[in-house]
Every structure is written in structure tokens, then in C-alpha cells.
Amino acid sequence: PRLNEQFLLARRLVEAGVRVVTLSYSFWDWHGQNFRNARENLPDFDQAIKLNPNFAMGHYSSAFTRMIIGDHQGTETAVGQARRLSPYDLMSFAMLATQAVNAAFSGNGEEAAVLANRAARQPNAHYHINAIAAFCNAVAQRHDIARQYVDRLAKAHPGYRIEDYFRAFPYRNGAMREKIRKEFLKLGLQE
């Protein structure tokens, strides 16, 4: 349901005595073409964080959005806070991966590789995390490890292509996209 319908349903549930109600904002997990509106969503994330500063997922969502639009400082601040608030979060793999990509684009290749490797070791890590780990290890000149992640990715998701990565992570910064694309091509991923 759309957001207004969710608010109305939530109100009715509270009025009926339900004690805990959650809402999903703009397909909270970012499926559904919400990246087109990424910049417009940031004030909403900031307001949610202001209302509940201990909301780790709000900080992570802000960090992820900031990474997509190329705001490296904002990404680091928000993802760092998310990880401090919820160090054992089920989304730790995503928080670590966001921090890793941000480190790679901030010129910290070694840190990027370490963070991406930690993300990939999480037992519930999504297959895209192998792509992120491959990229971050390539940036750190750890090409053998990067190729191992490409192999893991091929086993987890046969036929994975660069296009699949950018469909999940549609960076708004063309230089970021091109750097990732070039590293993926060097590692043997297909367009």
C-alpha cells in the first residue's frame, strides 16, 4: 500500500488497541525505483532520525542513500552511527558493504577490502556482497582475492552481470559507476 494508506491503516490499528505498528516507507528496502527520488527522501530519513536518534535502520537507510548519490562524508557518518547503534544487526552485511564501497571511493582501498571481506563473511550476506567484495579487493590490488569473490558470485548467482549490480546499486555519480564497471570488466564480469 502507498504511504497515506499505511498511515490510515496504522491509525486504525492503534485505535483498535494494537500496541506496536510499523510502516514501510517507499519500499524501505529500496526495491521499486526509489533511487530516482533519493535526494528527496533524505529529509524524511533525517526527520525519522531526529525523532528517534536510536533508529539504526534509519541511519543505515540514510547512509545507503548518501552512498548512491556520492555523498562520502554523509555516508560514513550515517553508517558509522548505524553500526554503533546495532553492531549485531541482521543487516550488518549491508552496513559493512556500504562502508566498504564508501572507503573505496574515499581512497582507502585497504580499509575497503577489510570491510568488504567482513561483510561477505556474514552468514546471511546477499550475493551482491560478493560483487562488492570483488570490487573492493580489486581497488586494494588484491586481485586473487577479488577473483575468488567473482567465483563465489558465479556459484551463488550463475549468469550475474555488471548490469545486475547497477540495477541493485544505481549510483548517480558517473565516475563511481565507471570505476566499478572497469574493475568488474578486468575481473571478467560481463556487461
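**Figure 1. Burial and helix content of the protein chain.** Of the 191 residues in the protein chain, 46% are buried. The model is predicted. The chain has 10 helices and 0 strands, and its pattern along the sequence reads α-α-α-α-α-α-α-α-α-α. Among contacts between residues at least 6 apart in sequence, 55% join residues at least 24 apart.

**Figure 2. The largest nonpolar core.** This core holds 48 residues, and Ile132, Tyr165 and Tyr171 touch the most other members. Two or more residues come from each of helix H3 (56-69), helix H4 (72-85), helix H5 (92-105), H6, H7, H8, helix H9 (162-168) and H10. The most is given by H5, with 10 residues. In soluble globular proteins, nonpolar side chains tend to be buried together.

**Figure 3. Surroundings of Tyr165.** Tyr165 is one of the residues of the largest nonpolar core that touch the most other members. Its neighbours within four places in sequence are left aside in this view. Beyond them, Tyr165 contacts Val101, His128, Ala131, Ile132, Tyr160, Tyr171, Ile180 and Phe184. Ile132 and Tyr171, both in this list of contacts, are also named with Tyr165 among the core residues that touch the most other members.

**Figure 4. Packing of helices H5 and H7.** Two packed helices are described by the angle between their axes and the distance between the axes. For H5 and H7 the angle is about 30° and the axes are 10 Å apart. Angles under 35 degrees count as roughly parallel, so H5 and H7 are roughly parallel to each other. Their crossing is left-handed. On the H5 side, the residues that meet H7 are Phe93, Ala97, Ala100, Val101, Ala104 and Phe105. On the H7 side, the residues that meet H5 are Ile129, Ile132, Phe135, Cys136 and Val139. Val101 and Ile132, from this interface between H5 and H7, are also contacts of Tyr165.

**Figure 5. Two buried asparagines in helix H7.** Asn130 lies in helix H7, and so does Asn137. Asn130 has a relative accessible area of 8% and is buried. Asn137 is likewise buried, with a relative accessible area of 0%. With neighbours within four places in sequence left aside, Asn130 is in contact with Ala120, Tyr149, Arg152 and Leu153. On the same basis, the contacts of Asn137 are Ala113, Asn117, Arg142, His143, Ile145, Ala146 and Tyr149. Tyr149 appears in the contacts of Asn130 and in those of Asn137.

**Figure 6. Salt bridge between Glu110 and Arg142.** The structure holds 10 salt bridges. In one of them, the side chains of Glu110 and Arg142 meet with an N to O distance of 2.7 Å. Glu110 is in helix H6 (residues 109-121) and Arg142 is in the loop between helix H7 (128-139) and helix H8 (143-156), so the salt bridge ties together parts that are 32 residues apart in sequence. Glu110 is partly exposed at 44% relative accessibility. Arg142 is also partly exposed, at 23%. Arg142 is in addition a contact of Asn137.

**Figure 7. Salt bridge between Asp144 and Arg147.** The closest N and O atoms of Asp144 and Arg147 are 3.9 Å apart, and the two residues form a salt bridge. Both residues lie in helix H8, 3 residues apart, so about one helical turn separates them. Asp144 is exposed, with a relative accessible area of 61%. Arg147 is partly exposed, at 38% relative accessibility.

**Figure 8. Salt bridge between Arg181 and Glu191, and a separate network.** Arg181 and Glu191 form a salt bridge in which the closest N and O atoms are 2.9 Å apart. Arg181 belongs to helix H10 (residues 174-186) and Glu191 to the segment after H10, so the pair ties together parts that are 10 residues apart in sequence. Arg181 counts as partly exposed at 26% relative accessibility. Glu191 is partly exposed too, with a relative accessible area of 38%. Elsewhere, Asp46, Arg66 and Asp71 are joined into one network by salt bridges that share partners.

Methods:
Residues are numbered from 1 along each chain as its sequence is written. This is a predicted model: local features need pLDDT of at least 70, side-chain atom pairs count only at pLDDT 80 or more; totals for chains, interfaces and linings use all residues. Side-chain values use heavy atoms; hydrogens and water are left out. A salt bridge is a side-chain nitrogen of Lys or Arg within 4 Å of a carboxyl oxygen of Asp or Glu. Helices (H or I, at least four residues) and strands (E, at least two) are DSSP runs, numbered from the N terminus. Buried means under 20% relative accessible area, exposed over 50%, partly exposed in between (1.4 Å probe, protein chains only). A nonpolar core is a set of buried Ala, Val, Leu, Ile, Met, Phe, Trp, Tyr and Cys residues joined through side-chain atoms within 4.5 Å. Contact means heavy atoms within 4.5 Å. Axes are lines fitted to C-alpha atoms, for helices over the stretch in contact, and angles run from 0 to 180 degrees between N-to-C directions. Angles under 35 degrees count as roughly parallel, over 145 as roughly antiparallel, 65 to 115 as roughly perpendicular and the rest as oblique. A crossing is left-handed if the near helix is turned anticlockwise from the far one by less than a right angle, and right-handed if clockwise.
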